[in-house]
Amino acid sequence: YYPQPRTYGRVMGAEEFEHMKTSGRLSSGKNPTPVFDAPPHMLTKLLAMSTDERKNFFAQIGVEGGVHLVVFKTRRKPVNDIPIPQSNGLLEQKFPKGMKVEVVGVY
């Protein structure tokens, strides 16, 4: 575990979002679940985008049906030791499916 919580994000469809909202756990069809590092500058960039721009931004890395952007914090370390750089500039991390998370924003 990290001494301080770190911020991450995940873009997901409506069904996955509903499951995460009701359970408070990271929801995904994949295990481990891919998420992205969400430092303040990246969140500012994403939140300045329109919904269509955000969909296109995430479509560049293969995200389909991503209508909800969920930002969460955790002290838990990702399962991958080194972030995976994505073509759109994001850094992918992976966490276990079903992990409890502290949601700090939904967009």
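Strands β1 and β2 run antiparallel and are joined by 2 bridges. Two strands count as paired if DSSP finds at least two bridges between them. Y8 has D37 of β2 as its bridge partner. The model is predicted, so local features need pLDDT of at least 70 and side-chain atom pairs count only at pLDDT 80 or more, while totals for chains, interfaces and linings use all residues. Residues are numbered from 1 along each chain as its sequence is written, and side-chain values use heavy atoms, with hydrogens and water left out.

## The sheet

The open sheet has 6 strands, in the order β4-β5-β2-β1-β3-β6, and the pairing is antiparallel. Its edge strands are β4 (84-85) and β6 (102-106), each of which pairs on one side only. Helices and strands here are DSSP runs, numbered from the N terminus: helices are H or I with at least four residues, strands are E with at least two.

Helix α2 (residues 40-47) packs on this sheet. The helix touches β1 (6-12), β2 and β3 (68-74). Its direction makes about 165° with that of β3. Contact means heavy atoms within 4.5 Å.

Now take β2 (residues 33-37) and β5 (residues 91-95). These strands run antiparallel, joined by 4 bridges. P34 has K94 of β5 as its bridge partner. V35 is matched with Q93 of β5. F36 is matched with E92 of β5. In a regular strand, side chains alternate between the two faces of the sheet.

How many residues of β2 are buried? The count is 5 of its 5 residues, and the strand is mostly covered. Buried means under 20% relative accessible area, exposed means over 50%, and partly exposed lies in between (1.4 Å probe, protein chains only).

On its other pairing, β5 meets β4 in the antiparallel sense over 2 bridges. Here I84 has E92 as its bridge partner in β5. E92 is also the partner of F36. β4 and β5 form a hairpin with 5 residues between them. In the turn, G89 has a positive phi of about 100°.

## Salt bridges

A search of the whole structure finds 3 salt bridges. A salt bridge is a side-chain nitrogen of Lys or Arg within 4 Å of a carboxyl oxygen of Asp or Glu.

| Pair | N to O distance |
|---|---|
| R10 and E16 | 2.7 Å |
| K21 and E18 | 3.5 Å |
| E92 and K94 | 3.7 Å |

Start with R10 and E16. Are these partners buried or exposed? R10 counts as buried because its relative accessibility is 11%. E16 counts as buried too, at 17%. E16 is found in helix α1. Leaving out residues up to four places away in sequence, E16 touches R10, S27 and S28.

Next come K21 and E18. Both lie in helix α1 (residues 14-23). They are 3 residues apart, about one turn of the helix. K21 has 51% relative accessibility, so K21 counts as exposed. E18 has a relative accessible area of 37%, so E18 is partly exposed.

The third pair is E92 and K94. E92 counts as buried because its relative accessibility is 16%. K94 is at 25%, so K94 counts as partly exposed. Both residues also appear in the bridges to β2: K94 is the partner of P34, and E92 is the partner of F36.

## Two helices in contact

How do α2 and helix α3 (residues 51-59) meet? Their axes come within 9 Å and cross at roughly 125°. The two helices are therefore oblique to each other. Axes are lines fitted to C-alpha atoms, for helices over the stretch in contact, and angles run from 0 to 180 degrees between N-to-C directions. Angles under 35 degrees count as roughly parallel, over 145 as roughly antiparallel, 65 to 115 as roughly perpendicular, and the rest as oblique.

K45, L46 and L47 of α2 make the contact with R54, F57 and F58 of α3. By class, the contact has 4 nonpolar, no polar and 2 charged residues. Ala, Val, Leu, Ile, Met, Phe, Trp, Tyr, Cys and Pro count as nonpolar, Asp, Glu, Lys and Arg as charged, and the others, Gly among them, as polar.

## A cis peptide bond

Where does P32 lie? P32 lies in the loop between α1 and β2. The peptide bond from N31 to P32 is cis, with omega near 5°.
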